[in-house]
Amino acid sequence: MILKTPLTLLTLGAFTLAGCVTTTEDNRRQNTGALTGALLGGALGATSKGDDKLLKTVVGAGIGAAIGGAIGSSLDAQAAELRNSIGNDRVSITNTGSELIVNLPQDILFATDSATLRGDLTQDLQAVARSLLNYPNTTVQVLGHTDNTGSAAYNQNLSQRRAQSVASVLQANGVPGGRIIAIGRGEDQPVASNLSEAGRAQNRRVEIVIRPN
């Protein structure tokens with residue numbers, strides 16, 4: 001059987017490459033990044049016209065795989081650094097494969113109805129700032145979230161002020177303000193049910209989302 005398109009060849013080749021690497025928890029996201037990059041690069045090459053279409057597809061796949069693999073490896077390394085440097089086991093770091101999410105429960109950051117950071121959390125935020133300086137090719141979103149207690153307008157304002165408080169500490173510790181955006185989500189993006197105190201506690205949080213450029 002003759003394979004009729006370069007993209008078909010690329011897709012089969014990419015999956016073959018992925019299958020040649022033993023998948024572990026440490027390299028799974030890196031492999032996924034490389035495979036995604038290869039497919040995207042190949043798709044770009046496949047839009048070329050003329051006799052060099054196949055060559056451009058293969059070259060595009062190679063470049064895309066290299067970039068995707070590098071991003072995955074960088075995220076893995078930064079996630080490990082953050083876990084080692086943050087001294088609070090209630091702070092979680094999630095690597096989605098395309099971004100890192102540092103989840104800081106509100107109860108360890110702020111008193112009820114307050115946007116003033118507790119002093120003992122400054123050290124952990126300084127550790128995040130150091131990591132951001134070590135990985136400068138990233139952008140940062142600081143997202144404030146609340147539960148549904150009180151009015152939606154009040155919660156929106158409170159979440160914005162809390163996000164700004166965290167962003168201000170990062171900036172005060174050397175992270176350029178142009179890399180950081182603070183956004184209040186209010187009660188609109190719960191991660192648990194607001195029908196129980198345990199669920200409301202999970203919803204009260206600030207997330208620092210780190211994305212490679």
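User: Buried means under 20% relative accessible area, exposed over 50%, and partly exposed in between. Into which class does Glu197 fall in this predicted model?
Analyst: The relative accessibility of Glu197 is 45%. That value lies between the 20% and 50% cut-offs. Glu197 therefore counts as partly exposed.

User: How confident is the predictor in the chain, in terms of mean pLDDT?
Analyst: The structure is a predicted model, so confidence comes before detail where pLDDT is low. Of the residues in the chain, 67% reach 70 or more. The mean pLDDT of the chain is 81.

User: Over which residues does pLDDT stay under 50?
Analyst: Where pLDDT is low, the predicted coordinates should not be read in detail. The model has 19 contacts beyond four places in sequence for one such stretch. That stretch is residues 9-25.

User: Which residue forms a salt bridge with Arg200, and in which helix does the pair lie?
Analyst: The closest N and O atoms of the pair are 3.3 Å apart. The two residues sit 3 places apart, about one turn of the helix. The partner is Glu197, and both residues lie in helix 7 (residues 197-203).

User: Which residues are linked with Glu197 in a network of salt bridges?
Analyst: Glu197 also meets the side chain of Arg204 in a salt bridge, at 3.0 Å from N to O. Arg204 is buried, because its relative accessible area is 12%. Joined to Glu197 in the network are Asp107, Asp147, Arg200 and Arg204.

User: How many residues apart in sequence are the parts tied together by Arg211 and Glu99?
Analyst: The side chains of Arg211 and Glu99 meet in a salt bridge, 2.6 Å from N to O. Arg211 belongs to strand 5 (residues 205-212), whereas Glu99 is in the loop between strand 1 (92-95) and strand 2 (100-105). The pair therefore ties together parts whose separation in sequence is 112 residues.

User: Is Glu99 buried or exposed?
Analyst: Its partner Arg211 counts as partly exposed, because its relative accessibility is 31%. Glu99 has a relative accessible area of 15%. That is under the 20% cut-off, so Glu99 is buried.

User: How many residues does the largest nonpolar core have?
Analyst: Residues with the most contacts inside this core include Leu82, Val102, Leu170 and Ile208. Among the elements giving two or more residues to the core are helix 3 (53-85), helix 5 (122-134) and strand 3 (138-145). Leu170 touches residues including Leu125, Val142, Val175 and Ile208. The core has 31 residues.

User: What is the handedness of the crossover from strand 3 to strand 4?
Analyst: Strand 3 and strand 4 pair in the parallel sense over 6 bridges. Gln141 stands opposite Ile181 in strand 4. The chain passes through helix 6 between the two strands, and this β-α-β crossover is right-handed.

User: How many residues of strand 4 are buried?
Analyst: Strand 4 is largely enclosed by the rest of the structure. This follows because, of its 7 residues, the number buried is 5.

User: Is Gly178 buried or exposed?
Analyst: Gly178 is found in the loop between helix 6 (152-172) and strand 4 (180-186). Its C-alpha atom is 9.3 Å from that of Val140, 38 residues apart along the chain. With a relative accessibility of 81%, Gly178 counts as exposed.

Note on methods
Residues numbered from 1 in each chain as written. Predicted model: local features only at pLDDT ≥ 70, side-chain atom pairs only at ≥ 80, totals over all residues. Heavy atoms only, no water. Helix = DSSP H or I, 4+ residues; strand = E, 2+ residues; numbered from the N terminus. Buried < 20%, exposed > 50% of the residue type's maximum accessible area, 1.4 Å probe, protein only. Salt bridge = Lys/Arg side-chain N within 4 Å of Asp/Glu carboxyl O. pLDDT = per-residue confidence, 0-100. Contact = heavy atoms within 4.5 Å. Core = buried A, V, L, I, M, F, W, Y, C linked by side-chain atoms within 4.5 Å. Pairing = 2+ DSSP bridges. Right-handed = clockwise from strand over helix to strand, strands pointing away.
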